[in-house]
Structures are given as C-alpha cells and as structure tokens.
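Welcome! Here is a short briefing to read alongside the model, with the main points grouped by topic.

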Amino acid sequence: MLLTILLLAADVVAVTAFYITTRKKLGVPNNLSITYYEFEPKLRYFFPMVNVFLCLTGGSVWIYMTCHASEWGRMFIAVPIITCICMMLVAASFDYKRSKGLIRFHYAVAWIACLGIILWLNAVGWRIAWFGLTIMSGFLLAGMYTKTLKSSPLFWLEMSAFYSLSATLLVVTIFHVQI
C-alpha cells in the first residue's frame, strides 16, 4: 500500500511539475501536446514523458482499482485500459504535425483519453466524484481568471482531467474509499 501511495503521489507531483513549468515557460498554451513544439529543445519531451509515467504508475493502480471496484464499477474496466492506451498513443505521436492524418489521430486519442477519465470519475468513482469535480472546477475558474478559457479550452480540460484522476486515485488509496 505504501508503494501505491508513493506512486500516486509521484503522479500528482509529475502533473504539478508539468503544469508549473508550462505556465512559467509558455503561459497558457492551446493544449498540452503543443508544448512539444513550443518548449525549448531540452523540455520538448516533458509532456510525452509525463504521459508515459502516468500510464505506467497510476494507470496500473487505476486498472487494479477498477477490477476491485463495486459490481457496477467493474463493468467499466475497459475505460482505464482504453484511456491508458490512448495516453500512450498520445505520447507516441508527440511529433504529430508531420501529417494531417497524424494530427487527426493524435487529437482523437487525446480526446478519448480525456473523456475516458471524466467518464470513469463520474461512473466508477461516483462516491468521490465531488472531489474530482472540485478539482475540475478549480481549473475552470483558473481559466476564467486568466481569461484563457475560451482560447485554450483543451489545455484546461486536459490539465483538470489528469489532476482530477491522479488526486482521486491518491485519495481513494489513502482513505480506503470504496469505489
């Protein structure tokens, strides 16, 4: 259990580090994937690396939790599996501007991943959905406060989804919340 808590805490730290670095270096980009092109060369792979890290650490915990969720929750086991696969595909297609087909593919799997996280938080993690929704609302307010919600909606959606999932999994593990 301690290892699981440490892995999930590392996920929250990784998402926080990416968020702070992005805001400091770029302000508010249109989306997370564009950071590959907008960061200086030494930071280009930050987002793909964070994506892979989240899948390998939190993804395995997420799938395990869903397998051991309530009978209702177990019906959604495909959601974390498909979402993690999509996140890995987002990371693998980091240089997506090479072709129109790759652009479409990259954004399609990015949207599927975000929607999968939101679906899981509300369908499986419904007992603690208020927590994830509070985090999402915080990012919505940050977007409104910075007046970038309209110009960068995907950035705020992606950040809130990653943060909500990582923090929710951590809280579920620490406080033994039944999902």
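Helix H6 is the biggest contributor to the lining of the second largest cavity, giving 4 residues. This cavity belongs to a predicted model, and its volume is about 60 Å³. The points below look at this cavity, then at the largest one, at helix H8 and at the confidence of the prediction.

**The second largest cavity**

- Its lining is made up of Phe47, Asn51, Met87, Val90, Ala110, Ala113, Cys114, Ile117, Glu158 and Phe162.
- Two or more of these lining residues come from each of H3, H5, H6 (100–123) and H8.
- By type, the lining has 8 nonpolar residues, 1 polar and 1 charged.

**The largest cavity**

- The structure has 4 cavities of 30 Å³ or more, and the largest has a volume of about 100 Å³.
- Which residues line the largest cavity? They are Asp11, Leu54, Cys55, Gly58, Gly59, Trp62, Cys84, Met87, Phe162, Leu165, Ser166 and Leu169.
- Helix H3 (46–67), H5 and H8 supply at least two residues each to this lining.
- The top contributor to the lining of the largest cavity is H3, with 5 residues.
- Sorted by type, the residues around the largest cavity are 8 nonpolar, 3 polar and 1 charged.
- Met87 and Phe162 are worth finding in the viewer: they appear in the lining of the largest cavity and also in that of the second largest.

**Helix H8**

- Helix H8 covers residues 153–175, and its 23 residues should span 33 Å at 1.5 Å a residue; the C-alpha atoms at its ends lie 32 Å apart, which agrees.
- Is H8 mostly buried or exposed? Of its 23 residues, 19 are buried, so H8 is largely enclosed by the rest of the structure.
- Right after H8 comes His176, which has a positive phi, near 55°.

**Confidence in the model**

- The mean pLDDT of the protein is 96, and 100% of the residues score at least 70.
- Where is confidence highest, and where is it lowest? Helix H5 (residues 78–92) has the highest, at 98, while helix H7 (residues 129–145) has the lowest, at a mean of 93.
- As a general reading tip, predicted coordinates should not be read in detail where pLDDT is low.

Technical notes
Residues are numbered from 1 along each chain as its sequence is written. This is a predicted model: local features need pLDDT of at least 70, side-chain atom pairs count only at pLDDT 80 or more; totals for chains, interfaces and linings use all residues. Side-chain values use heavy atoms; hydrogens and water are left out. pLDDT is the predictor's confidence in each residue, from 0 to 100. The expected span of a helix is 1.5 Å times one less than its number of residues. Buried means under 20% relative accessible area, exposed over 50%, partly exposed in between (1.4 Å probe, protein chains only). On a 1 Å grid over the protein atoms alone, a cavity is a set of points where a 1.4 Å probe fits but cannot get out, and a pocket is an open set with protein on both sides within 12 Å along at least five of seven lines; lining residues have an atom within 4 Å of a point. Grid points are joined across faces, edges and corners, and a volume is the space filled by probe spheres set on the points. Ala, Val, Leu, Ile, Met, Phe, Trp, Tyr, Cys and Pro count as nonpolar, Asp, Glu, Lys and Arg as charged, and the others, Gly among them, as polar.
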